[in-house]
Amino acid sequence: MVVTPQSRDTRGLSSCSRSTPCVDALGFIHAWRGSTVGPQVDSFRAFTGTIAASSRAGAPAMFFRTTCASALLLVACSGSAIAQSADADALLFQHDLRDVLECGASADVQQAVVSRLRAARYADAAERLPYLRDWRFEQEGEDDDHRVTVITPPQSITVHGVEVPRLFADAFGFSVALDPAHRDRIVAAHGLRLQSSTLHEPFELWSTPTTPIIVRSAGDGYRLGCAPSTNGNRAAVRQLPAVKVQDLQDAVHCRADEGGMRRLQAFWQRLSEQPQFEWPQDVRSVNEVNYTVGDDDLHLLLIGLQVPIQAYGVSTHTIALAFGGFFGADLGGVAVAPVLAQAGMETSHTVGKDAWQRPLPPVAFSGGSWIPQHIVMRTDEGRVVAGCASDYARSTSR
């Protein structure tokens with residue numbers, strides 16, 4: 001039914017008269033024709049009619065446009081907030097990763113970075129965190145000793161002033177590639193010392209006890225990284241007695257006492273069981289060599305020292321060890337006669353071609369006796385090796 005002022009259905013409305021406006025349930029005010037306030041009501045109706053027309057025609061459209069604009073603004077703001085949050089997460093992760101690569105991150109930060117990269121490594125790209133979706137992970141090497149994960153971020157990362165396009169993760173942890181010029185600069189800046197080995201990789205490693213930064217050889221190049229966290233090993237290493245230069249010289253000359261021999265045993269334990277960055281800082285290299293003395297092969301382990309020791313009147317940086325109880329020094333291409341004189345040897349001490357031996361009295365140790373003897377050898381390669389061969393005899397129990 002069309003409602004007009006003349007035929008309004010007043011059911012449910014409050015009572016009103018022709019001269020009294022009434023308010024219905026919708027809150028409209030109606031003025032009836034013939035009211036004593038005719039001209040004023042006509043003006044009022046004209047005014048209210050204009051407002052009503054504006055409401056019917058413009059207000060809903062304006063309201064709709066305003067609502068849509070507000071909704072779009074909220075969506076835009078929400079998207080902007082999400083984007084800003086993602087950017088902040090990405091920047092924070094890059095900051096933490098750089099701290100890890102520069103060896104300055106806490107254990108918690110390092111674990112968080114490792115966990116996120118590991119999750120990204122094994123997840124589908126769509127399931128990764130937004131700032132890791134464009135990262136690439138590739139595996140190189142098959143066996144455990146040489147397995148490397150190559151990580152390529154979408155943009156290069158600057159580590160210690162070196163712009164690097166890729167990261168490497170292997171048994172040593174995270175690292176970045178270095179060229180020789182960058183290697184030399186970083187080694188000099190941090191006062192790192194070279195420790196080389198032919199026994200196991202890395203064949204070259206630069207480190208120092210005062211900083212966790214290490215530079216190491218890797219294939220045909222070099223890597224910058226951090227010393228792996230081996231707190232348990234370090235605690236065990238700290239309990240080992242430190243060898244002294246005098247201990248080394250005494251052992252070479254068959255003068256070591258029981259305490260010196262224990263320190264030498266700990267010295268060898270660190271070299272044989274610990275990675276290079278846990279070696280004594282006096283050691284700069286460990287190499288295996290094969291010499292020939294007459295008709296015999298002489299297999300030696302040569303230990304290069306940072307500072308020289310005095311052995312049989314010769315200054316040398318190289319300790320020589322042989323399985324079977326020989327502890328001596330590689331004296332290089334010196335004349336053999338002065339060395340024999342220092343060892344108290346004569347022609348009667350010859351035991352073969354270019355080999356001399358002089359037994360010494362046993363030395364009592366707890367639980368047995370140490371039986372030393374001077375040994376001097378001139379190798380076919382023109383080098384003189386001199387030192388102390390020893391045996392240990394346990395006391396017979398009563």
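A residue counts as buried when its relative accessible area is under 20%. With a relative accessible area of 8%, tryptophan 206 therefore falls in the buried class. The model described here is a predicted one, and tryptophan 206 makes a convenient way into its aromatic contacts.

Four aromatic pairs occur in the structure. In one of them, tryptophan 206 meets tyrosine 222 in an edge-to-face arrangement, with 5.9 Å from centre to centre and 65° between the planes. Because tryptophan 206 belongs to strand S10 (residues 204-208) and tyrosine 222 to strand S12 (residues 221-226), the pair ties together parts that are 16 residues apart in sequence. Tyrosine 222 is buried too, its relative accessibility being 18%. A further pair joins phenylalanine 365 to tryptophan 370, and here the rings are stacked, 5.8 Å centre to centre and with 15° between the planes. Both partners are shielded in terms of the cut-off above: phenylalanine 365 is buried at a relative accessible area of 13%, and tryptophan 370 is buried at 4%. Elsewhere, Phe93, Tyr131 and Trp135 come together as one aromatic cluster.

Aromatic faces also receive charged side chains. Tyrosine 222, already paired with tryptophan 206, has arginine 183 lying over its face, 4.5 Å from the ring centre. A similar description holds for tyrosine 122, whose face has arginine 121 over it at 4.9 Å from the ring centre.

Attention now turns to the ionic contacts. Side chains of opposite charge can pair when their charged atoms come close. The structure contains eight salt bridges. In one of these, aspartate 170 and arginine 216 meet through their side chains, at 3.0 Å from N to O. Aspartate 170 sits in strand S7 (residues 167-170) and arginine 216 in strand S11 (residues 211-218), so this contact ties together parts that are 46 residues apart in sequence. Arginine 216 is buried despite its charge, with 6% relative accessibility. The contact is also part of a wider arrangement, since Asp170, Arg216 and Arg223 are linked in a network of salt bridges.

Another salt bridge connects arginine 383 with aspartate 330, whose closest N and O atoms are 3.1 Å apart. Arginine 383 is found in the loop between strand S20 (368-378) and S21, and aspartate 330 in strand S16, so the pair ties together parts that are 53 residues apart in sequence. The two partners fall in separate accessibility classes: arginine 383 is partly exposed, with a relative accessible area of 31%, whereas aspartate 330 is buried at 4%. Strand S20 itself contributes to a salt bridge through arginine 378, which partners aspartate 354. The closest N and O atoms of that pair are 2.8 Å apart. As aspartate 354 lies in the loop between strand S17 (350-352) and strand S18 (355-359), this bridge ties together parts that are 24 residues apart in sequence. Here aspartate 354 is buried, at 17% relative accessibility, and arginine 378 is partly exposed, with a relative accessible area of 33%.

The empty spaces of the model complete the picture. The second largest pocket holds about 790 Å³ of space. Its lining consists of 24 residues, and those lying nearest the centre are Met261, Leu264, Gln265, Gly325 and Ser390. At least two lining residues come from each of helix H7 (258-273), strand S15 (314-322), strand S16 (326-330) and strand S21 (384-394). H7 provides the largest share, with seven residues. Strand S16, which carries aspartate 330 of the salt bridge with arginine 383, is thus among the elements that help to line this pocket. By class, the pocket lining comprises 15 nonpolar, five polar and four charged residues.

One cavity of 30 Å³ or more is present in the structure. The largest cavity encloses about 60 Å³ of space, and its lining is made up of Val243, Lys244, Val245, Leu248, Phe267, Asp282, Val283, Leu305, Val307 and Ile309. Helix H6 (245-252) and strand S14 (296-311) are the elements that each give two or more residues to this lining. The biggest contribution is that of S14, with three residues. Eight of the lining residues of the largest cavity are nonpolar and two are charged, with no polar residue present.

Technical notes:
Residues numbered from 1 in each chain as written. Predicted model: local features only at pLDDT ≥ 70, side-chain atom pairs only at ≥ 80, totals over all residues. Heavy atoms only, no water. Phe/Tyr/Trp six-rings, centres within 6.5 Å; stacked < 30°, edge-to-face > 60°. Helix = DSSP H or I, 4+ residues; strand = E, 2+ residues; numbered from the N terminus. Buried < 20%, exposed > 50% of the residue type's maximum accessible area, 1.4 Å probe, protein only. Lys NZ or Arg CZ within 6 Å of the ring centre and 35° of its normal. 1 Å grid on protein atoms, 1.4 Å probe; cavity = no way out; pocket = protein on both sides within 12 Å on 5 of 7 lines; lining within 4 Å. Points joined across faces, edges and corners; volume = space filled by probe spheres on them. Nonpolar A, V, L, I, M, F, W, Y, C, P; charged D, E, K, R; others polar. Salt bridge = Lys/Arg side-chain N within 4 Å of Asp/Glu carboxyl O.
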